[in-house]
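Me: Hi! I have a model open here and would like to talk it through. Could you help me read it?

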Amino acid sequence: MNNPLNFSSKGTCVNVGCIPKKLFHVAATFGESREDMVASGWDIDAHAPHSWEKMVKGVRKYIKSLYWGAKKTLKLNHVDYFNKLGRFVDEHTIEVT
Ligand SMILES: Cc1cc2nc3c(=O)[nH]c(=O)nc-3n(C[C@H](O)[C@H](O)[C@H](O)COP(=O)(O)OP(=O)(O)OC[C@H]3O[C@@H](n4cnc5c(N)ncnc54)[C@H](O)[C@@H]3O)c2cc1C
């Protein structure tokens with residue numbers, strides 16, 4: 001059986017936690033900042049439309065880049081990575097299925 005959550009390496013923070021949350025949050029604050037920018041003298045369109053699809057695509061692309069970075073680091077350090085469900089068989093042995 002594969003990893004049931006189908007997470008790649010890097011765990012919760014990178015895949016569905018801190019990193020995507022922060023990127024979505026920053027995207028939202030950019031939108032909210034526009035009116036303050038206009039009030040501060042910036043010549044921008046405070047009502048320009050936002051593309052949800054483009055934002056999600058950008059977040060996924062960034063997470064993918066972290067995933068490949070992690071894979072490379074594991075490889076460089078001769079660490080075997082299995083995207084599988086693990087189970088301790090004894091203190092020194094993990095079985096992956
Ligand atoms: C929405 C959200 C936002 C968050 N924001 C922040 C934040 O801003 N700042 C912050 O500090 N923390 C944040 N967190 C918390 C942070 O993500 C976790 O504290 C952190 O990821 C925990 O790291 P970990 O290595 O202990 O576990 P994880 O990152 O969860 O890693 C465990 C990994 O092991 C895998 N795994 C589990 N059991 C098995 C098994 N039997 N076999 C194989 N693989 C297995 C899981 O699939 C997972 O990939 C957030 C969490 C969420 C959900």
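Me: Let's start with the helices: is the crossing of α2 past α3 right-handed or left-handed?
Reply: Happy to help! The crossing in which α2 passes α3 is right-handed. Keep in mind that this is a predicted model.

Me: Good to know. At what angle do α2 and α3 pack, and how far apart are their axes?
Reply: The angle is about 145 degrees, and the axes are 10 Å apart. Helix α2 covers residues 18-39, while helix α3 covers residues 52-76.

Me: Which residues in α2 and α3 meet there?
Reply: From α2 you have Ile 19, Pro 20, Leu 23, Phe 24 and Ala 27. Their partners in α3 are Met 55, Val 59, Tyr 62 and Ile 63.

Me: And what classes of residue make up that contact?
Reply: The contact of α2 with α3 has 9 nonpolar residues, with no polar and no charged ones.

Me: Staying with α3, how many of its residues are buried?
Reply: The number is 0 of 25, so α3 lies largely in the open.

Me: What about its length, what span should α3 have?
Reply: With 25 residues at 1.5 Å a residue, α3 should span 36 Å. Its end C-alpha atoms are 36 Å apart, which agrees.

Me: Which residue with a positive phi follows α3?
Reply: That's His 78, with phi near 60 degrees.

Me: Let's zoom out. How many helices and strands does the protein have?
Reply: There are 3 helices and 2 strands. Read from the N terminus, the order is α-α-α-β-β.

Me: Is the whole thing compact or spread out?
Reply: The protein is more spread out than a compact globule, because its radius of gyration is 20 Å, well over the 13 Å that the globule rule gives for 97 residues. The C-alpha trace spans about 65 × 25 × 20 Å along the principal axes.

Me: What share of the 97 residues counts as buried?
Reply: That comes to 0% for the protein.

Me: And the contacts, what share comes from residues 24 or more positions apart?
Reply: Among contacts with a separation of 6 or more, such residues account for 54%.

Me: One last spot: where is Ala 48, and is Ala 48 exposed or buried?
Reply: Ala 48 sits in the loop between α2 and α3. It counts as exposed because it has 8 C-beta neighbours inside 10 Å, and the cut-off for exposed is 12 or fewer.

Me: How far apart are Ala 48 and Thr 12 in space?
Reply: They are 33 Å apart, C-alpha to C-alpha, and 36 residues apart in sequence.

Key: Residues numbered from 1 in each chain as written. Predicted model: local features only at pLDDT ≥ 70, side-chain atom pairs only at ≥ 80, totals over all residues. Axes fitted to C-alpha atoms, helices over the stretch in contact; angles between N-to-C directions. Helix = DSSP H or I, 4+ residues; strand = E, 2+ residues; numbered from the N terminus. Left-handed = near helix turned anticlockwise from the far one by under 90°. Contact = placed C-beta atoms within 7 Å. Nonpolar A, V, L, I, M, F, W, Y, C, P; charged D, E, K, R; others polar. Rg over C-alpha atoms; globule rule 2.2 N^0.38 Å. Buried ≥ 20, exposed ≤ 12 C-beta atoms within 10 Å, placed from the backbone. Expected span 1.5 Å × (residues − 1).
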